[in-house]
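This report introduces a protein structure to a reader who has not seen it before. It considers a metal site, a residue beside it in sequence, and the empty spaces in the protein.

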Amino acid sequence: MLAKKLRVVCTRAAATLLLACASLAYAQPLLPMPDSGSTTFGDWSFSWEIGNANDEGLVLKNVRWKGVKVLHKASMPVIRVKYRGDASGIDAGCGPYNDKIHSGNLERFSGQTTDVIARFFGDNLMEIAVFSEIGGYDLYQAYYFHRSGRFEPMLYSSGWSCSDNPKSRNDHKHHPYWRLDFDVDSVTNRVRHALTVSGGSMSFAAYTSESGFTVPANATATVWTVAHPNSGRTVRIQSPSNERADVGGSPWFGFGSRDVHVRRYKGAEDVGWAFSATSQLGWFTPAEVTENQDVVFWSIGHLTHLWTQADEDNPHWHSRGWIVDVTW
Ligand SMILES: [Cu+2]
């Protein structure tokens, strides 16, 4: 049964993973991986571990491209989930939840003999992933490495953690948070974005101090960059399939109100998700300088999951992820 669940991962995967989707249907061999280790794939090299210290899922460390540092660490500290309930407030209905993946909720589907698994889709795409069950949810947390220089953190979810009536109260939104601790070339980095809106005009912004950003409703494309100020080495960050963040008022009450946050790295803040289910990301008072500093880029997915009888009878997989392109 679980093997079947994994196979249908592809039905709702992001457009960028169509290759993976097509291949998933043919049940790529699962490569058992230890709980921690290091490996290479094309010009990529990285280490991984299960993030038990902070309950932050499958964690990557020391991610390099052509020998040059890209990320000090990548993790997924929380998936915030809000149900609609009777739409009367931010805590209406089931939850809200702040789900965290760790060894205690990892499971193994059919054919899986280790908690961490890898799969290869042709010569050009590697996946490393864990499978977790939290409440009524099946969660598949994956990272994709493309030989072209693309890196994608991804979360797949299926199932229901609520059985309210009327059924429309079971509509909910998932908000996975990825903590991307970039060290592009070295710890000294700067963050920018370029925003295109309907009509074609563009605007640019520099994240010179700790802040968050909500992509406006009229945006047609948003690209963030993290760059080393001297070498010019740059990564581009996008999430073209993401939904809009939540606005205030019924029924979502601004629950997932941001798309990204930028924070200055502090060891004392590398502790996973330290906030409640209804809280936004903290650690910005006072707002510290993030220009040419060691920065942490938080990217947030917004994924609406509306109740249907078909999805209750045979849970569908839904996914959300971000794209990081290395440009050197
Ligand atoms: Cu869901």
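Along the sequence, the residues that donate to the copper ion follow the spacing H-x1-H-x130-H. The model described here is predicted. Its copper ion has three protein donors, His172 through NE2, His174 through NE2 and His305 through ND1, at 1.9 to 2.0 Å from the ion. His172 and His174 are both buried.

Lys173 belongs to strand β11, which covers residues 172–182. Is Lys173 buried or exposed? The relative accessible area of Lys173 is 11%, and because burial is set at under 20%, this residue is buried. Leaving aside residues up to four places away in sequence, Lys173 is in contact with Arg80, Val81, Lys82, Asp246, Trp252, Leu303 and Thr304. With one of these residues, Asp246, Lys173 also forms a polar contact between side chains, at 2.8 Å. Phe275 stands 102 residues from Lys173 in sequence, and the C-alpha atoms of Lys173 and Phe275 are 18 Å apart in space.

The report now turns to empty space. Such space is revealed by rolling a probe the size of a water molecule over the atoms. The largest pocket holds about 250 Å³ of space. Its lining consists of 15 residues, and those nearest the centre of the pocket are Val215, Thr222, Ser239, Pro240 and Arg244. Strand β15, residues 219–227, provides five residues, the largest share of this lining.

One cavity of 30 Å³ or more is counted. The lining of the largest cavity is made up of Arg179, Arg263, Arg264, Tyr265, Lys266, Glu269, Trp283, Val296 and Trp298. At least two residues of this lining come from each of two strands, β17 (260–264) and β18 (295–300).

The table gives the volume and the classes of lining residues for each space.

| Space | Volume | Nonpolar lining residues | Polar lining residues | Charged lining residues |
|---|---|---|---|---|
| Largest pocket | about 250 Å³ | seven residues | five residues | three residues |
| Largest cavity | about 50 Å³ | four residues | no residues | five residues |

Which classes of residue line the largest cavity? Four of its lining residues are nonpolar and five are charged, while none is polar. In the lining of the largest pocket, by contrast, five polar residues appear alongside seven nonpolar and three charged ones.

Methods. Residues are numbered from 1 along each chain as its sequence is written. This is a predicted model: local features need pLDDT of at least 70, side-chain atom pairs count only at pLDDT 80 or more; totals for chains, interfaces and linings use all residues. Side-chain values use heavy atoms; hydrogens and water are left out. Donors are N, O and S atoms within 2.8 Å of the metal (3.2 Å for Na, K and Ca); water is not among the atoms, so sites may look incomplete. Buried means under 20% relative accessible area, exposed over 50%, partly exposed in between (1.4 Å probe, protein chains only). On a 1 Å grid over the protein atoms alone, a cavity is a set of points where a 1.4 Å probe fits but cannot get out, and a pocket is an open set with protein on both sides within 12 Å along at least five of seven lines; lining residues have an atom within 4 Å of a point. Grid points are joined across faces, edges and corners, and a volume is the space filled by probe spheres set on the points. Helices (H or I, at least four residues) and strands (E, at least two) are DSSP runs, numbered from the N terminus. Ala, Val, Leu, Ile, Met, Phe, Trp, Tyr, Cys and Pro count as nonpolar, Asp, Glu, Lys and Arg as charged, and the others, Gly among them, as polar. Contact means heavy atoms within 4.5 Å. A polar contact is a pair of N or O atoms within 3.5 Å; within protein, one must be able to donate a hydrogen and the other to accept it, and residues adjacent in sequence count only if both atoms are side-chain atoms.
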